[in-house]
Amino acid sequence: MFVPARSFLVTLFVLLFCCFLPQLGFAQKFTLSGYVRSESGESLIAANVLVKELKRGGITNEYGFYSLTLDKGVYQIVVSYLGFETAVIEIRLDKNIQYNFKLKSAALTKQEVVVEAARADQNTRDASMGRTDLNIEQVKSLPALLGEVDILKTIQLLPGVQTAGEGNTGFYVRGGGPDQNLILLDEAVVYNAAHLFGFFSVFNADAINNTTLIKGGMPAEYGGRISSVLNISMRDGNNQQYKTEGGIGLISSRFTTEGPIVKDKSSFILSGRRTYADVLADPFIPADAIAKGSKYYFYDLNAKVNYKFSDRDRVYASAYFGRDVFLFRNRESGLNFEIPWGNATTTIRWNHLFSNKLFMNVSGIYSDFNFGTAVEQSTFRFALNSGVRNATAKVDFDYFPDIRHQVKWGAQYTYHMFTPSVVEARSGNNVFSLPGVTDLNAHELAIYAQDQWDVTDRIQVNAGLRYSNYTQTGPYIFERFADRDLIEKIEERRFNRGDRIVNYGGLEPRLLVRYGIDSKSSVKFGATRNMQYIHLASSSGNALPTDLWVPSTLKVKPQIGYQYSLGYFRNLKENQYETSVEVYYKKLFNQIDFRDGSVNGLNANIENDFVFGTGEAYGTELFIKKRTGKLTGWIGYTLAWAWRQFPDIMDGRRFPYKFDRRHDMSIVTSYEANERWTFSGTFVFATGNAFTVPESRYFIEGRIIDQIGDRNNLRLANYHRMDVAAVYKPRKQGKRLKNEWVFAIYNVYSRLNPYFVYLNNTGSLQQQSLQVEARQVSLFPIIPSVTWNFKF
Amino acid sequence: MRILLFVLVVLSISCERVIELDLPEQREYVVVHGHIEPDSFAYVSLSRNSPYFNPVDLQTVASLLVQGALVTVEEGGTIDTLRPDFNFQHFTLFNYRGTKIKGEVGKRYKLRIETSEVILEAETSIPALLPLDSLWHRTRADFVREAGQFQPTRRDSELVSLYFRYSDPPVAGNYVRAFSRRNTELQWSSDFNPIYSDDLVNGQSVDFILRRGKEAYLFADSTTFEEFGYFEVGDTIEVKWCSIDRPHYLFWLTLGAATGGSGNPFATPTVVSTNIRALKGRGLGIWGGYGTLRYQYIVR
């Protein structure tokens with residue numbers, strides 16, 4: 001099983017050895033290392049640590065750690081992070097020095113409202129492509145639907161990222177599927193990031209520290225998905241003083257409390273959010289109402305603690321738990337209907353510093369997504385349960401041999417447990433259950449190494465190699481049929497619990513190269529190969545909780561994605577403006593879809609309903625951003641194509657992917673009028689979603705049947721919308737209590753954007769007057785909202 | 001289930017309007033609806049598909065019927081050339097009927113259709129009969145009393161649900177389509193798409209409700225929404241309980257999913273499966289064998 005891994009290890013050591021080579025034969029070198037944190041003790045992730053004299057530096061890792069190894073000398077070190085005052089210190093480096101930066105929070109009104117926590121020219125200087133770091137403070141200043149701040153909706157405003165539809169948090173990156181985004185919350189996979197059928201994400205903005213989206217050129221440290229990485233880190237909690245903040249909004253209310261357990265050593269944060277329409281409405285529903293007791297609500301809980309044992313060791317434990325609950329009761333018919341679903345994650349991490357150059361993190365992670373349905377009426381009961389769980393152990397090393405290199409290597413092991421639909425039905429004394437397998441299991445292993453290397457002043461390379469290996473274990477039933485209708489079974493193989501069934505694996509090289517043309521502009525190239533061992537069987541493409549996660553098996557091969565991208569980056573007016581043009585090409589293998597004529601629902605073996613094919617996507621992204629000044633913001637435009645092709649669908653002809661958007665544009669602006677008022681606005685335009693309509697109809701036994709045309713053969717009308725928001729900070733602020741008002745208007749000119757289109761029959765055949773018409777459903781007209789936020 | 005969720009979310013805030021859709025150009029199909037039963041000759045009706053937004057009335061439907069086709073059924077070397085037949089009580093006024101081969105349980109039948117536009121072929125079987133154990137009924141008053149919220153009305157004690165008990169044989173892969181009619185009705189109804197597979201209940205004995213379908217096709221049905229699916233005290237109910245093979249089952253299953261509105265407006269619509277193979281042109285529909293058993297039940 002691990003033979004290929006051995007050869008990979010050799011490659012890895014050669015690579016590491018090469019990294020150390022530049023160290024040999026140089027003058028005396030010393031290391032400056034430490035952490036960059038906020039005053040309240042939050043780790044500042046991807047903060048810039050610049051050596052002014054060398055115009056070179058590094059960025060902090062996920063725990064705020066940095067390390068610079070330099071020739072003996074005197075240096076000015078400039079540390080900057082968005083929303084914080086830049087720190088400058090002079091260091092005489094004649095021995096190894098440990099220095100922790102504590103950045104002061106700049107008043108929100110004074111900060112540059114830009115997306116990246118970037119050094120002014122980081123855009124053109126480093127090799128990373130398609131990477132965006134979002135600071136939660138900026139996310140909070142943009143207009144939000146019903147005042148609910150949502151990180152995923154802000155991400156959709158970036159070029160190359162598409163939304164699933166009106167008000168939906170589902171996102172699609174460069175023609176990839178929703179399952180191809182690796183969504184991590186403190187390293188734990190979040191399988192379904194949506195509440196209320198996609199209208200809200202599970203990420204409570206008050207509990208989030210930093211968000212990074214990587215849509216192209218995924219570094220080797222990430223794997224298991226072929227499209228993008230969305231890495232979200234929870235806040236550590238204030239380690240200086242107790243703080244409480246919250247907000248009262250139209251949809252939900254939030255409450256967060258944090259503080260030191262042992263000052264400077266240990267802190268905690270506890271954050272909760274719940275919708276409360278059900279609670280407010282309940283007293284007004286008469287006790288004898290037919291549907292009394294029916295309700296919908298969701299809630300989230302985030303908790304995190306950390307403890308610093310010494311300067312070298314620190315332990316973090318964090319957890320997330322969220323549920324959507326939908327209850328329907330009909331007293332008259334005795335019908336009871338219950339659908340709970342949600343995610344739970346737990347992460348325990350240990351940071352250890354072996355030396356001032358070598359940082360290690362060890363993590364133990366558990367994540368779980370579960371969906372259930374139960375219907376009860378009289379003697380009848382139906383219950384369906386499905387889910388996915390995984391347990392992961394991983395270790396990562398950050399090594400900073402000298403200022404030209406930032407090396408990372410590590411290993412990861414994951415045990416996957418899938419519960420495809422488990423159905424139990426009871427009618428009187430009859431109990432029915434689907435025959436076949438109730439759980440599917442797999443082991444996934446990966447090792448990687450990567451180096452961010454400043455080869456020359458002009459050339460920077462981020463090269464990495466990942467090797468992943470996957471083994472499916474029993475129980476499992478493999479079935480093969482001679483025909484599409486699954487009539488004639490020509491093979492059946494049954495595997496017992498623990499049996500090794502199939503092994504997949506492969507190398508995943510990742511390469512990013514930056515070539516500096518001059519101090520203001522550069523060209524970057526990226527090429528990656530990614531493998532993904534899990535799939536989402538989605539009948540909707542709308543991030544519904546009913547979508548089913550399935551593993552790669554003997555029948556379902558792992559997804560493979562190749563991506564090539566090329567970009568030109570240029571900063572203007574002394575880095576006040578950032579501009580870029582990127583082109584990309586993507587090829588996806590082993591994509592799954594449901595075969596024509598599959599009726600979604602009860603299936604002993606859902607795999608038998610899959611067909612397999614390929615995907616292709618290409619496009620151009622333009623981005624112009626104004627970083628500084630009173631008026632800031634960006635314009636992003638994407639011209640893109642996305643295709644799918646399956647031998648068993650439409651006789652193998654290719655068809656547009658559901659989220660094939662020819663044009664996609666976002667304009668985001670923010671204007672800081674004075675210390676009390678900040679105004680912001682967004683405008684989005686997107687080509688309508690593709691959908692499938694019938695071409696004609698026919699009649700059998702007096703029934704009217706639609707003859708379905710090619711997949712995605714029509715487009716909804718174009719989508720466009722403008723939102724505005726104003727944040728007001730009252731002049732009178734209490735000594736401890738700080739508060740602000742957020743006024744927002746969603747869909748200012750009340751455009752009736754299409755949510756979906758359905759075909760409606762009117763009249764009846766018996767009355768000789770049957771007609772059909774197409775009806776377009778729109779969700780949100782103009783919606784004003786107000787939110788009050790407080791902090792003490 | 002999903003439609004319910006969407007409806008709840010959508011109704012609360014949405015608005016809708018009629019729009020014009022510019023549908024892609026339609027392809028021409030010949031639609032086959034044919035079956036064969038024990039002790040009956042084969043029946044086949046042929047029609048064309050219709051442009052999507054065309055209004056539908058009986059004249060239009062009649063104009064879609066395909067006449068002048070050469071339709072043959074073959075079994076064990078015997079060929080039956082079907083003859084044109086008119087049936088004014090039927091939705092498809094014009095169809096083709098066999099004169100030579102009568103259906104038999106356990107046999108396979110090949111269908112061939114030739115017109116100037118198409119050559120279509122299909123094959124079906126009449127599977128072994130799957131008898132019912134028993135039929136009985138319960139009144140709606142029984143249900144209301146059970147729920148315990150209201151007193152049953154007089155009407156509640158007149159409306160009944162028809163129950164059946166079926167014991168599935170031990171070997172998997174049994175499929176059934178049921179029909180019913182009552183009193184003087186001429187047409188068999190299969191409203192609510194009563195089809196059953198033993199996927200979940202192989203080898204078990206099960207009790208289910210067979211709902212009354214409205215008398216189909218030509219006759220307007222005045223049943224109110226509240227009384228849909230119920231028979232009445234005094235009805236003489238006939239039940240046709242037919243074993244069918246898997247392709248035949250899949251056709252009605254997918255047809256039910258497609259016409260019932262599977263509920264998710266974002267999903268790709270269900271494509272109705274077919275067992276018709278086109279050697280020339282395009283074909284759709286079903287050629288199916290029924291292993292028919294008939295039962296009578298009088299509601300007393």
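What follows is a chat between a colleague and a modeller about reading a predicted model with chains A and B.

Colleague: Let's get oriented. How many helices and strands does each chain have?

Modeller: Chain A has five helices and 51 strands. Chain B has four helices and 20 strands.

Colleague: And what share of each chain is buried?

Modeller: For chain A, 48% of its 792 residues count as buried. For chain B, it's 38% of 300 residues.

Colleague: What do the contacts tell me about sequence separation?

Modeller: Take contacts in chain A between residues at least 6 apart in sequence: 66% of them join residues at least 24 apart. In chain B, residues 24 or more positions apart make up 66% of the contacts with a separation of 6 or more.

Colleague: Which domains is chain A divided into?

Modeller: Domain 1 covers 3-109 and domain 2 covers 131-791. Their centres, taken over C-alpha atoms, are 32 Å apart.

Colleague: How many residues are in contact across that boundary?

Modeller: On the domain 1 side of chain A there are 39, and they are in contact with 40 residues of domain 2 of chain A. Four elements of chain A each give at least two residues to the domain 1 side: α1 (3-20), β1 (29-38), β3 (56-59) and β4 (65-71). The largest share, nine residues, is from α1(A).

Colleague: What is the chemical make-up of that side of domain 1 of chain A?

Modeller: It splits into 19 nonpolar, 15 polar and five charged residues.

Colleague: Now sheets. What should I look for?

Modeller: The general idea is that strands of a sheet pair through backbone hydrogen bonds, either parallel or antiparallel. For a case here, take the open sheet of four strands in chain A, ordered β3-β2-β5-β6, with antiparallel pairing. The edges are β3 and β6 (87-93) of chain A, each of which pairs on one side only. On average, neighbouring strands of this sheet are turned by 25° against each other, ignoring direction.

Colleague: How many bridges link β5(A) and β6(A)?

Modeller: Seven, in the antiparallel sense. To find the register, start from Gly73(A), which stands opposite Leu93(A) in β6(A).

Colleague: Can we zoom in on one residue of β5(A)?

Modeller: Sure, try Val78(A), which sits in strand β5 (residues 73-80) of chain A. Setting aside neighbours within four places in sequence, Val78(A) is in contact with Leu50(A), Lys52(A), Thr86(A) and Val88(A). Leu50(A) is 28 residues from Val78(A) in sequence, yet their C-alpha atoms are 5.0 Å apart.

Colleague: Why does Val78(A) count as partly exposed?

Modeller: Because Val78(A) has 16 C-beta neighbours inside 10 Å, and a residue needs 20 or more to be buried and 12 or fewer to be exposed.

Colleague: Any pairing towards the other end of chain A?

Modeller: Yes, around β48(A). Strands β47 (residues 719-728) and β48 (residues 738-746) of chain A pair antiparallel over five bridges, and Val724(A) is opposite Ile745(A) in β48(A). β48(A) also pairs antiparallel with β51 (residues 783-791) of chain A, over nine bridges. There, Asn739(A) is opposite Phe790(A) in β51(A).

Colleague: Which residues touch the most other members of the largest nonpolar core?

Modeller: That core has 84 residues, and the ones touching the most other members are Ile151(A), Ile155(A), Leu184(A), Val190(A), Ile208(A) and Leu230(A). Leaving out neighbours within four places in sequence, the contacts of Leu230(A) include Ile155(A), Leu184(A) and Leu213(A). A second, separate core has 64 residues, among them Tyr29(B), Tyr175(B), Ile237(B) and Ile286(B).

Colleague: Last topic, backbone oddities. Where is there a cis peptide bond?

Modeller: Between Gly474(A) and Pro475(A), with omega about 5°. Pro475(A) lies in the loop between β29 (459-473) and β30 (476-481) of chain A.

Colleague: And which residues other than glycine have a positive phi?

Modeller: Two to check are Asp186(A), with phi about 50°, and Asn712(A), with phi near 50°. Asp186(A) is in the loop between β12 (181-185) and β13 (188-189) of chain A. Asn712(A) is in the loop between β45 (703-708) and β46 (714-715) of chain A.

Colleague: Are those two loop residues buried or exposed?

Modeller: Asp186(A) is buried, because 25 other C-beta atoms lie within 10 Å. Asn712(A) counts as buried too, with 20 C-beta neighbours inside 10 Å.

Technical notes:
Residues are numbered from 1 along each chain as its sequence is written. Chains are lettered from A and ligands numbered from 1 in the order in which they are written. This is a predicted model: local features need pLDDT of at least 70, side-chain atom pairs count only at pLDDT 80 or more; totals for chains, interfaces and linings use all residues. Domain bounds come from an automatic or database domain assignment. Two residues are in contact if their C-beta atoms, placed from the backbone, lie within 7 Å. Ala, Val, Leu, Ile, Met, Phe, Trp, Tyr, Cys and Pro count as nonpolar, Asp, Glu, Lys and Arg as charged, and the others, Gly among them, as polar. Two strands pair if DSSP finds at least two bridges between them. Axes are lines fitted to C-alpha atoms, for helices over the stretch in contact, and angles run from 0 to 180 degrees between N-to-C directions. A nonpolar core is a set of buried Ala, Val, Leu, Ile, Met, Phe, Trp, Tyr and Cys residues joined through C-beta atoms within 7 Å.
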